[in-house]
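I opened this model to look up how its sheet, its helices and its core fit together. The entries below follow the order in which I looked.

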Amino acid sequence: MKILAIRGRNLASLAGDFEVDFQQEPLYSSGLFAITGATGAGKSTLLDALCLALYNRTPRLDKVGNKSAKIADIEDQQIGIHDTKNILRRGCTEGYAEVDFVGVDNQQYRAKWGVRRAHNQQTGALQNENISLQALKDGQNLSHKKTEVLPAIQEKIGLSFAEFNRAVLLAQNELFAFLKANDNERAELLEALTGTEYFSQISIKAHLRSKEEKDKLVAVQQKLQQQPPLTLEQRQILEQQHLALEQKTQLDQQQLAQIQQQ
């Protein structure tokens, strides 16, 4: 999965239209770049736009504690504090977030999230968000209902929102989210990010090899328990017996030689 472009209009700190095109210079050949700016410049809003278009969720809204809380919108209307429509800039009648990306199938897609107020009036009630997924190759809309679009986008990306947030986004203060994940979560993330099953295969082989070596160790330990080492006195007696047998063997060989000669 690769992000090609982020676009939007009237979202949080960013008024009017904005676009970040990773296919154009200087970003195309930069390799590594930073999103910087003063507080309120719109750094987090770019990440909001990315997540809204792909998942209809944003990390900063998900972190708000009281999920049942509501805040005032316009006049006597209220909106849930976790509602993604909160991202619409105050005083604006409509806004959208749009992301072009390459899916796990190497095809290019455009995911779009949009919201508007009734009758395009500032006093109009917020309408339900509109979400779409389009194939850039032929411009065909792949799904129409929100319940169909979101699973389709996740399938094309190959990551759930939680996985995307930990492994790709790493938004503010989330730098160690991937490192804090348990072994199974990291394995799933690495496999999804690389697009291969190598990590799982290596993990399975390592586990089987570890079990095999442990079984061998247990067998050796059991054998040692069945054959405890001799005491010093027992060993000295056996060494004396061994020496006596060697001497007797030499005498027997001499006698054998004499008999053969006769």
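What follows are my notes on the sheet, the helices on it, the core and one buried lysine.

**Entry 1, the sheet.** I kept in mind that this is a predicted model. I looked up the strand order first and found an open sheet of 6 strands, running β2-β1-β5-β6-β7-β8 with antiparallel pairing. At the edges I noted β2 and β8 (141-143), each of which pairs on one side only. From one strand to the next the twist averages 20°.

**Entry 2, β7 and its partners.** I then followed β7 (130-135), which pairs with β6 (108-116) in the antiparallel sense over 6 bridges. Within that pairing I looked for the residues that face each other, and found Ala-111 opposite Leu-133 of β7 and Tyr-109 opposite Ala-135 of β7. The pairing of β7 with β8 is also antiparallel, and I counted 2 bridges there; Gln-134 has Asn-141 in β8 as its bridge partner. The hairpin joining β7 and β8 has 5 residues between the strands, and in it Gly-139 takes a positive phi near 75°.

Which side chains of β7 are buried, and which are not? I found Ile-131, Leu-133 and Ala-135 pointing to one face and buried, whereas Asn-130, Ser-132 and Gln-134 point to the other face and are not buried. Such alternation between the two faces of the sheet belongs to a regular strand.

**Entry 3, two helices packed together.** I turned to α2 (43-55) and α5 (161-169), which pack with their axes 12 Å apart and at an angle of about 145°; the crossing is right-handed. On the α2 side the contact is made by Leu-47, Leu-50, Cys-51, Leu-54 and Tyr-55, and on the α5 side by Phe-161, Phe-164 and Leu-169. When I sorted this contact by class, it came out as 8 nonpolar residues, with no polar and no charged ones.

**Entry 4, the largest nonpolar core.** Which residues touch the most other members of this core? Among its 38 residues, they are Leu-54, Phe-101 and Phe-164. The elements giving two or more residues to the core include the strands β1 (2-11), β5 (94-102) and β6, as well as the helices α4 (146-157) and α5. The largest share, 8 residues, comes from α2. In soluble globular proteins, nonpolar side chains tend to be buried together.

I looked up Phe-164 separately, setting aside its neighbours within four places in sequence, and found it in contact with Met-1, Leu-50, Cys-51, Leu-54, Tyr-55, Ile-157, Leu-159 and Leu-169.

**Entry 5, a lysine in a loop.** My last search was for Lys-85, which lies in the loop between β4 (78-80) and β5. Is Lys-85 buried or exposed? Its relative accessible area is 8%, so I noted Lys-85 as buried, the cut-off for that word being under 20%. Not counting residues up to four places away in sequence, Lys-85 touches Ile-79, Trp-113, Val-115, Leu-126, Gln-127 and Glu-129.

Definitions and conventions
Residues are numbered from 1 along each chain as its sequence is written. This is a predicted model: local features need pLDDT of at least 70, side-chain atom pairs count only at pLDDT 80 or more; totals for chains, interfaces and linings use all residues. Side-chain values use heavy atoms; hydrogens and water are left out. A nonpolar core is a set of buried Ala, Val, Leu, Ile, Met, Phe, Trp, Tyr and Cys residues joined through side-chain atoms within 4.5 Å. Buried means under 20% relative accessible area, exposed over 50%, partly exposed in between (1.4 Å probe, protein chains only). Helices (H or I, at least four residues) and strands (E, at least two) are DSSP runs, numbered from the N terminus. Contact means heavy atoms within 4.5 Å. Axes are lines fitted to C-alpha atoms, for helices over the stretch in contact, and angles run from 0 to 180 degrees between N-to-C directions. A crossing is left-handed if the near helix is turned anticlockwise from the far one by less than a right angle, and right-handed if clockwise. Ala, Val, Leu, Ile, Met, Phe, Trp, Tyr, Cys and Pro count as nonpolar, Asp, Glu, Lys and Arg as charged, and the others, Gly among them, as polar. Two strands pair if DSSP finds at least two bridges between them.
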